[in-house]
Amino acid sequence: MKTLLRVVVFAALAAGLWLLYRETLGVDPAQREQVASILNDLRQIDAQWDVHVLRSKTGLDKNYDPLTRPQVAALQVLESSGGKLAAVDYRLSDSEAKLKEALLAKIDLVDRFKAQNAILRNSLRFVPLAAEDLKTKARRGGRRHAGEDAPRWRRSSKVSTRC
Amino acid sequence: VAQFRAVYPDGLQPRHIQESIATFERSLITPSRFDRYLRGDSTRSTREKQGYQLFKNYGCVACHQGMGVGGNMYQTFGVLGNYFKDKGKITDADLGRYAVTKNEADRHVFKVPSLRNVELTAPYFHDGSAKTLDEAIDVMFRYQLGRTAPAADKALIVKFLKTLTGEKGMQ
């Protein structure tokens, strides 16, 4: 009885291994390598893109050029990969379309971030100086003094720059 | 075609044409006196330097930044004032990115133009409504910065903008 059980278990394991082996034959290793390479490139570009978004948000990046480059690079990778994912497995054509959709959505979001961040940083930079001007004017009770009436943000050379 | 094949062995392919045109366009650079200044050459006049300082202090540089002094982002035309209401008759061109995306958030949103060679590219804005740099600066101050610029400051900013004009043969 034990021997019969061993034979059955062995046969089941062998059948399982054979099925797995058959599955691997259905995938071309070269194509799989190509797809993995495309996905790795996209992952790397995306990570760099995120880094530059954070650097822009915190003011470490002084302009938006670094945010534009990953966008172009990601689109180029996706364009050059056109159809390669679907060629490996037809079910991947859906995923490829979703990937492109997600990339375009991210481009749109980053563009909105740049537009809003520019206004925000400008406003934040201006608020303390404008408040100080108001305080000065209030203290002087409306009296005009030609030299000091010029707003501080015009006179200041300490205002941060982004060029 | 033979010359093309010498560079691209697989011949005229869309991606090769795209790459060769892009490479050619990248060679069309017009370095200006401003670039020389950024590299440490201090031949700019005091008034040009003051103009650059005002350009930064007023906040123009929030959008006109980077290598192209603009050209790398989109922005709403009329952040602090309704330019299009004041302008009156709205045309399709006034819709901006909305005309392409049909997204309401893109209404009156335009690409921020590069200011390189701006002295030579009048009239200004998508509708060519500003005939001079002076007029364009007035509109930008009123609708993008919510301020008015003293004539003296405008003149200095114009001085700075003229340093962005490319010079042929300059490296």
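This tour moves through a predicted model of a complex, beginning with chain A and ending with the helix packing of chain B.

**Before selecting anything**

Keep in mind that this is a predicted model, for which the predictor gives the complex an ipTM of 0.82 and a pTM of 0.77. If you colour by confidence, chain A averages a pLDDT of 83, with 87% of its residues scoring at least 70, while chain B has a mean pLDDT of 91, with 98% of its residues reaching 70 or more.

**Chain A as a whole**

Select chain A and display it as a cartoon: its secondary structure comes to 6 helices and 0 strands, and reading along the sequence you will follow the pattern α-α-α-α-α-α. Of the 163 residues in chain A, 26% count as buried. Among the contacts in chain A whose separation is 6 or more, 67% are accounted for by residues that stand 24 or more positions apart.

**The start of chain A**

Now select Met1(A), which lies in the segment before helix H1 (2-25) of chain A. Is Met1(A) buried or exposed? With a relative accessible area of 82%, Met1(A) is exposed. If you then add Gly16(A), 15 residues further along the chain, and draw a distance between the two C-alpha atoms, the separation is 23 Å.

**Arg43(A) in helix H2**

Next, select residues 29-58 of chain A, which form helix H2, and find Arg43(A) within that helix. Arg43(A) has 56% relative accessibility, and because the cut-off for exposed is over 50%, Arg43(A) counts as exposed. Extend the selection to Glu79(A), which is 36 residues from Arg43(A) in sequence and 15 Å from it in space, C-alpha to C-alpha.

**Where to read chain A with caution**

While H2(A) is still selected, note that H2(A) has the highest mean pLDDT among the elements of chain A, at 91, whereas helix H6 (residues 152-155) of chain A has the lowest, at 53. Move on to residues 156-163 of chain A, where pLDDT stays under 50 and for which the model has 23 contacts beyond four places in sequence. Where pLDDT is low, the predicted coordinates should not be read in detail.

**Backbone details in chain B**

Switch to chain B and select Lys102(B), which is found in the loop between helix H6 (98-101) and strand E2 of chain B. The phi angle of Lys102(B) is near 60 degrees, a positive value in a residue other than glycine, and at 58% relative accessibility Lys102(B) counts as exposed.

Go on to the loop between strand E2 (109-111) and helix H7 of chain B, where Pro123(B) has its place. Which kind of peptide bond joins Ala122(B) and Pro123(B)? The bond is cis, with omega about 0 degrees.

Phe125(B) also lies in the loop between E2 and H7 of chain B, and its phi is near 75 degrees, again positive in a residue other than glycine. With a relative accessible area of 24%, Phe125(B) is partly exposed.

**Helix H7 against helix H8 in chain B**

Two packed helices are described by the angle between their axes and the distance between the axes. Select H7 (residues 133-145) and H8 (residues 151-162) of chain B, whose axes come within 10 Å and cross at roughly 115 degrees. That angle makes H7(B) roughly perpendicular to H8(B), and the crossing is right-handed.

To see the contact itself, show the following side chains:

- From H7(B), show Leu133(B), Asp134(B), Ile137(B), Asp138(B) and Phe141(B).
- From H8(B), show Lys154(B), Ile157(B), Val158(B) and Leu161(B).

By class, the residues of this contact between H7(B) and H8(B) divide into 6 nonpolar, no polar and 3 charged.

**Helix H4 against helix H8 in chain B**

Keep H8(B) selected and add helix H4 (residues 46-57) of chain B, which packs with H8(B) at an angle of about 105 degrees, their axes being 7 Å apart. H4(B) and H8(B) are therefore roughly perpendicular to each other.

The side chains to display for this last contact are these:

- H4(B) contributes Arg47(B), Glu48(B), Gln50(B), Gly51(B), Tyr52(B), Leu54(B) and Phe55(B).
- H8(B) contributes Asp153(B), Leu156(B), Ile157(B), Lys159(B), Phe160(B) and Leu161(B).

Coloured by class, the contact of H4(B) with H8(B) shows 7 nonpolar, 2 polar and 4 charged residues.

Methods: Residues numbered from 1 in each chain as written. Chains lettered and ligands numbered in written order. Predicted model: local features only at pLDDT ≥ 70, side-chain atom pairs only at ≥ 80, totals over all residues. Heavy atoms only, no water. Axes fitted to C-alpha atoms, helices over the stretch in contact; angles between N-to-C directions. Helix = DSSP H or I, 4+ residues; strand = E, 2+ residues; numbered from the N terminus. Parallel < 35°, antiparallel > 145°, perpendicular 65-115°, else oblique. Left-handed = near helix turned anticlockwise from the far one by under 90°. Contact = heavy atoms within 4.5 Å. Nonpolar A, V, L, I, M, F, W, Y, C, P; charged D, E, K, R; others polar. pLDDT = per-residue confidence, 0-100. Buried < 20%, exposed > 50% of the residue type's maximum accessible area, 1.4 Å probe, protein only.
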